[in-house]
Amino acid sequence: MLLRHLHLPGTTPYAHASDIQQRLVSALLAYKANPVGTRPPPTIITAEFRPVYTCGRREVGNVSAEQIAHLTAKTPHGRAEFHEALRGGQTTFHGPGQLVAYPILDLKQHGLGARDYVCLLEKSVIQLLRDKYSIESKTTDNPGVWVDDDRKICALGVHLRRNVSSHGIGLNVSTELAWFDRIVACGLEGKRTTSMRDMGVLEPDVEVIAEQYVGIVANRLSGVEKTERIQDI
């Protein structure tokens, strides 16, 4: 089985990546409902977003106008957008210097349950940080990947519909961490965020790290024999 990797160049508007993701999800769901023709292959979208705060499905419709105005007010680093998302989790930040990876695949095709899939995404980040960059990290009782009990380096929020996955991970590579000061990241009081750069990685390259992460995920996905970098969908 082929796993496609689409890396969106530069810094991408959240809405653009979301539109591509939705088209891929819809195509896979349509095939599952009426399996005629060729099954859409699993795809991982990777990107760096322009500054944006997103809320998870538990908060959809419940974020006040005052909160949105606060999040989108001008900062020394520019302005951020605000979008609602279907993923799990609460409000978080995405922006330049952060690797976002959205796998769109049918979990059943790879023999995965929901919890297995979340563990696969987390363990792939842990392996990447350890093997490629000598950063030790772990999972805790809270979602995501942490370098210790108080500092999160990677957020995680997924959505499943009829076992088709969307959304995924946000790994802080060289993210400006001041953006997180406006929120209680993922609803966890007293916790902080960190990045690969803050952990001592000099000049980390998001696109290179995206390629490495996709390779690790591919090796962990049952049935995947090779990956292919694509330029467009």
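Two strands count as paired here if DSSP finds at least two bridges between them, and the strands themselves (E, at least two residues), like the helices (H or I, at least four residues), are DSSP runs numbered from the N terminus. The model is predicted, so local features need pLDDT of at least 70 and side-chain atom pairs count only at pLDDT 80 or more, while totals for chains, interfaces and linings use all residues. Residues are numbered from 1 along each chain as its sequence is written, and side-chain values use heavy atoms, with hydrogens and water left out.

**First stop: the sheet with β3**

Select C55 and look across to strand β4, where the bridge partner of C55 is E84. Strands β3 and β4 run parallel and are joined by 4 bridges. Now add β5 to the selection, and an open sheet of 3 strands appears in the order β4-β3-β5, with mixed pairing. Because β4 (81–84) and β5 stand at the edges, each with a single partner strand, one side of each is left without a neighbour in the sheet. Neighbouring strands of this sheet are turned by 30° against each other on average, direction ignored, where axes are lines fitted to C-alpha atoms (for helices over the stretch in contact) and angles run from 0 to 180 degrees between N-to-C directions.

**Second stop: the aromatic rings**

Rings of Phe, Tyr and Trp (its six-membered ring) pair if their centres lie within 6.5 Å, and planes under 30 degrees apart count as stacked, over 60 as edge-to-face and the rest as tilted. By this rule the model holds 6 aromatic pairs. Select Y53 and W179, whose rings meet edge-to-face, 6.5 Å centre to centre and with 65° between the planes. This pair links distant parts of the chain, since Y53 lies in strand β3 (residues 52–55) and W179 in the loop between β9 (164–172) and β10 (192–193), 126 residues apart. Are these two side chains buried or exposed? Y53 is buried, with a relative accessible area of 0%, and W179 is buried as well, with 6%; buried means under 20% relative accessible area, exposed over 50%, and partly exposed in between (1.4 Å probe, protein chains only).

Next select F93 and F180, an edge-to-face pair with 5.7 Å from centre to centre and 80° between the planes. F93 sits in strand β5 (residues 92–94) and F180 in the loop between β9 and β10, so that this pair, too, links distant parts of the chain, 87 residues apart. F93 counts as buried at 1% relative accessibility, and F180 at 8%. Show the four residues together, for ring pairs link Y53, F93, W179 and F180 into a cluster.

**Third stop: strand β6**

Move to β6 (residues 98–104), a mostly covered strand in which 7 of its 7 residues are buried. Both faces are covered, with Q98, V100, Y102 and I104 on one side and L99, A101 and P103 on the other. Which strands pair with β6? Strand β2 (residues 43–49) pairs with β6 in the antiparallel sense over 5 bridges, and β9 does so, also antiparallel, over 4 bridges. Centre the view on A101, which stands opposite T46 and has I169 as its bridge partner in β9.

**Last stop: helix α1**

Finally, select Y31 in helix α1 (residues 14–33), which counts as buried at 15% relative accessibility. Leaving aside its neighbours within four places in sequence, Y31 is in contact (heavy atoms within 4.5 Å) with V36, G37, T38, R39 and P40.
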